[in-house]
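Here is a walk through one model, written to be read with the structure open beside you. We start with a single strand and work outwards from there.

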Amino acid sequence: MTARRIAFINEKGGTCKTTLAVNTAAWLAFKRGKRVLLVDLDTQGHAGKSLGVDVRNLTPTAFEWLTRDDVRLADVARPTATQGLSVVPAYKQLAELPQALSGDPNRARRLAKRLEVPEAESYDYVIFDAPPSLGLVTTNILVAATEVVIPVAVTYLSLDGCAEMVQTIEQVVADCALPELPVSLVVPTLYRKTALADEIVAKLQEYFPGRCAAPVALNVAIDEAQSHGKTIWEYAPWSRGATLLQTVAEHVERVGKSAARKSA
Ligand SMILES: Nc1ncnc2c1ncn2[C@@H]1O[C@H](COP(=O)(O)OP(=O)(O)OP(=O)(O)O)[C@@H](O)[C@H]1O
Ligand SMILES: [Mg+2]
């Protein structure tokens, strides 16, 4: 069976892409016993760091994998403390990707190409942690993904940011002549109960009926877990933060099942 390839993406920064990508990936591995590959595609290296990987002096990383044919997926996919979860770390070198691939006419399909190997087929899920910007890396993610999850920080301008992201996806799909890339879930994040926040969540529910997750409220354990290089399931499994992130992970799992039913 081909893996679901889910991009956690939003061109706006600080919307909890990494937090949701890491903890959803870890939950699918530890709770559901799935084989999950988390691919960090951000120069900040936060996905690896959140899993306790010291990405600063690591090689090879996503950059070498994407630019050198002799670096195989098995060379970059590192096991984590969570059984079943491997991570492809990234760091600052990834900023050089556009220059390194400038001579490749198929540079937008590089990530998809590198996943066309039997090793990739052994994963049930491939999860991409996207950077907060547009450019070659984000285009590669949109080409390689089979669906996207958009975390939206419930703040002023967030609705506009979400609409921009949906437009970007449509543009890349059209430019690269790709099959439609569904937004399987929108997740309101950094939620605090205010009239404005509730208004924004209501609008997201209206725009994405059945595809808007329950809001993820602010919870300090989520932040703390990352500062310790741990998933919420390792750091504070009984916290409110764990319950909130589990609800998102379950929803991500569920939307895949309903998509599969539709195409059956
Ligand atoms: N529910 C939460 N409660 C409190 N803090 C949170 C919560 N979710 C995420 N955070 C914190 O918010 C910050 C931003 O989250 P995160 O790094 O996941 O966002 P991002 O979208 O990946 O950012 P970037 O665009 O820089 O990649 C982090 O410090 C994270 O620990
Ligand atoms: Mg991030």
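## Starting from one strand

Take strand β4, residues 85–88: L85 and V87 point one way, S86 and V88 point the other way, and all of them are buried. That fits a simple rule: in a regular strand, side chains alternate between the two faces of the sheet. Keep in mind that this is a predicted model.

So what does β4 pair with? On one hand there is strand β2 (residues 36–40), which pairs with β4 in the parallel sense over four bridges. On the other there is strand β3 (residues 78–79), which runs antiparallel to β4 and is joined to it by two bridges. V87 is a handy place to see this, since its bridge partners include L38 and R78. β3 and β4 also make a hairpin with five residues between the strands, and in that hairpin G84 takes a positive phi near 90 degrees.

## The sheet as a whole

Zoom out, and in what order do the seven strands of the open sheet line up? The order is β3-β4-β2-β5-β1-β6-β7, and the pairing is mixed. The edge strands are β3 and β7 (183–189), each of which pairs on one side only. Helix α1 packs on this sheet, where it touches β1, β2, β4, β5, β6 (147–153) and β7, and its direction makes about 165 degrees with that of β5.

β5 (125–129) deserves a closer look. Why is β5 described as largely enclosed by the rest of the structure? Because five of its five residues are buried. Both of its faces are covered, with Y125, I127 and D129 on one side and V126 and F128 on the other. β5 is joined to β1 by five bridges, and the two run parallel. The same holds for β2 and β5: five bridges, running parallel. D129 links up in both directions, having F8 as a bridge partner and D40 as another. Elsewhere along β5, V126 stands opposite R5.

Here are the pairings described so far, side by side:

| Strands | Sense and bridges |
|---|---|
| β2 and β4 | parallel, four bridges |
| β3 and β4 | antiparallel, two bridges |
| β1 and β5 | parallel, five bridges |
| β2 and β5 | parallel, five bridges |

## A helix on the inside

Now for helix α8, residues 136–144. Seven of its nine residues are buried, so α8 is largely enclosed by the rest of the structure. The buried ones are V137, T138, T139, N140, I141, L142 and A144. What do they pack against? Their packing partners are the strands β1 (4–8) and β5, together with the helices α5 (97–100), α6 (110–114) and α9 (158–175).

## Around the ligand

Ligand 1 has 19 residues around it, and those that come nearest are G13, K17, T18, T19 and P132. By class, this shell has six nonpolar, 10 polar and three charged residues. Two helices, α1 (17–30) and α11 (220–227), each supply at least two residues of the shell. So far as α1 goes, this is the helix you already met packing on the sheet.

## One loop residue

F208 sits in the loop between α10 (195–207) and α11. Is F208 buried, exposed or partly exposed? It is partly exposed, because 18 other C-beta atoms lie within 10 Å, and a residue needs 20 or more to be buried. Setting aside neighbours within four places in sequence, F208 is in contact with V183 and V186. From F208 to V22 is 186 residues in sequence and 23 Å in space, C-alpha to C-alpha.

## The chain overall

To finish, some whole-chain numbers. The chain has 13 helices and seven strands. Its C-alpha trace spans about 55 × 40 × 40 Å along the principal axes. With 264 residues, a compact globule would have a radius of gyration near 18 Å, and the 17 Å of this chain agrees with that. Of those 264 residues, 43% count as buried. As for contacts between residues at least 6 apart in sequence, 77% join residues at least 24 apart.

Definitions and conventions: Residues numbered from 1 in each chain as written. Chains lettered and ligands numbered in written order. Predicted model: local features only at pLDDT ≥ 70, side-chain atom pairs only at ≥ 80, totals over all residues. Near = placed C-beta within 6 Å. Nonpolar A, V, L, I, M, F, W, Y, C, P; charged D, E, K, R; others polar. Rg over C-alpha atoms; globule rule 2.2 N^0.38 Å. Buried ≥ 20, exposed ≤ 12 C-beta atoms within 10 Å, placed from the backbone. Contact = placed C-beta atoms within 7 Å. Pairing = 2+ DSSP bridges. Axes fitted to C-alpha atoms, helices over the stretch in contact; angles between N-to-C directions.
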